[in-house]
Amino acid sequence: MAPKNIKILYFDARGRGEISRLVLAAAGQKFEDVRFTRETWPAEKPNTPFGQLPVLEIDGKRYAQSVAISTYLAREFGFYGKTNLDGLQIDQVIQLGVDFWNAATKYFMESDAKKKEELLKNLKDVETSKYLTFFEKLLKDNKTGYFVGSGLTLADLFVYDLIYFLKKQNMLPSQGFPSLQELYNKVVSNNNIKAYLAQRKETEN
């Protein structure tokens, strides 16, 4: 039985909460998008499982950890493939994306201006191309335009969100990844995703 009342609790940003929002949007599933500011978050923090966001609330019970949340939602609403092997391939893409985010976080967390500049150069010139090359190969190997099977899964939504971030940060190479660009276009042309993006609040991150 599908949950009746779903809330995504996160900051007023895309960040780690956006993948779960995208899964719910793709499913056409109504949910309450609860967003905290720096001022309102401290009072709510003790009410979360581990003192961090995002949090998924299902019929009043709260769960944490962004990948666990998005994986559950993908399974619940049909975006996790048809077999355990499909799930393995989706997890492979997600974990690869997490590796990229871990590399990117070093830049965003650095406060020293000189080190930050060096990290940005490495992120643009080395890390971004490395991970996009991995993703491009996986897409080409599947030959359907999607990462797994012949339809939209959590893997596609995850990488779409990553590419969106790179576009916003002017870190996306202008050429060399045609399969990824095609995937990006497939995701934004999905009717449910298109409707969600049309009303999504624009935020910096």
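Which residues does UniProt list for "transmembrane region"?

**View 1. The two annotated spans.** The model shown in every view is predicted. For "transmembrane region", the unreviewed UniProt entry lists residues 146–166. This span is 62% helix and 0% strand, and its end C-alpha atoms lie 19 Å apart. The unreviewed entry also carries the annotation "domain: GST C-terminal", which covers residues 83–205. Over residues 83–205 the chain is 75% helix and 0% strand, with the end C-alpha atoms 34 Å apart.

**View 2. The largest nonpolar core, with Phe135 as its reference point.** The largest nonpolar core has 51 residues. Phe135, Phe147 and Leu180 touch the most other members. Helix H6 (residues 154–168) gives the largest share of this core, 11 residues. Apart from this core lies another, of 8 residues, including Leu9, Tyr10, Trp41 and Val55. Which residues does Phe135 contact, leaving aside its neighbours within four places in sequence? They are Val93, Leu96, Gly97, Phe147, Val159, Leu162 and Leu180.

**View 3. An aromatic cluster with Trp101 in two of its pairs.** Phe100, Trp101, Tyr107, Phe108, Tyr131, Phe134 and Phe165 form one aromatic cluster. The count for the model comes to 12 aromatic pairs. One of these is Phe100 with Trp101, an edge-to-face pair with 5.5 Å centre to centre and 65° between the planes. Phe100 is buried, at a relative accessible area of 1%, whereas Trp101 counts as partly exposed, at 23% relative accessibility. Trp101 also forms an edge-to-face pair with Phe165, with 4.7 Å centre to centre and 65° between the planes. Trp101 lies in helix H4 (residues 84–109) and Phe165 in helix H6, so this pair ties together parts that are 64 residues apart in sequence. Phe165 is buried, with a relative accessible area of 9%.

**View 4. Two lysines over tyrosine rings.** Lys116 lies over the face of Tyr107, 4.3 Å from the ring centre. Tyr107 is also one of the residues of the aromatic cluster in View 3. In the other case, the charged end of Lys167 sits over the ring of Tyr184, 4.9 Å from its centre.

**View 5. Helix H3 and the elements it packs against.** Which residues of helix H3 (residues 66–76) are buried? They are Ser66, Ile69, Ser70, Thr71, Leu73 and Ala74. An α-helix has 3.6 residues a turn, so residues three or four places apart point the same way. The buried residues of H3 pack against strand E1 (6–11), helix H1 (18–27), strand E3 (55–58), strand E4 (61–64) and H6. H3 is followed by Gly78, whose phi is positive, near 85°.

**View 6. Ser66 and its contacts.** Ser66 is found in helix H3. Is Ser66 buried or exposed? Ser66 is buried because its relative accessible area of 17% is under the 20% limit. Leaving aside neighbours within four places in sequence, Ser66 is in contact with Arg16, Ser20 and Pro54. Of these contacts, Pro54 is found in the loop between helix H2 (41–44) and E3. The peptide bond from Leu53 to Pro54 is cis, with omega near 10°.

**View 7. Strand E1 and its two partners.** E1 pairs with E3 in the antiparallel sense over 4 bridges. In this pairing, Ile8 stands opposite Leu56 in E3. E1 also pairs with strand E2 (residues 32–36), here in the parallel sense over 5 bridges. Tyr10 stands opposite Arg35 in E2. Tyr10 is also among the residues of the 8-residue core mentioned in View 2.

**View 8. Two residues with positive phi that are not glycine.** Most residues other than glycine have a negative phi, and most peptide bonds are trans. Gln65 has a positive phi of about 80° although it is not a glycine. Gln65 lies in the loop between E4 and H3 and counts as partly exposed, at 41% relative accessibility. Asn170, also not a glycine, has a positive phi of about 55°. Asn170 is found in the loop between H6 and helix H7 (178–189). At 64% relative accessibility, Asn170 counts as exposed.

Technical notes. Residues numbered from 1 in each chain as written. Predicted model: local features only at pLDDT ≥ 70, side-chain atom pairs only at ≥ 80, totals over all residues. Heavy atoms only, no water. UniProt positions renumbered as here; feature names shortened; annotations may be inferred. Helix = DSSP H or I, 4+ residues; strand = E, 2+ residues; numbered from the N terminus. Core = buried A, V, L, I, M, F, W, Y, C linked by side-chain atoms within 4.5 Å. Buried < 20%, exposed > 50% of the residue type's maximum accessible area, 1.4 Å probe, protein only. Contact = heavy atoms within 4.5 Å. Phe/Tyr/Trp six-rings, centres within 6.5 Å; stacked < 30°, edge-to-face > 60°. Lys NZ or Arg CZ within 6 Å of the ring centre and 35° of its normal. Pairing = 2+ DSSP bridges.
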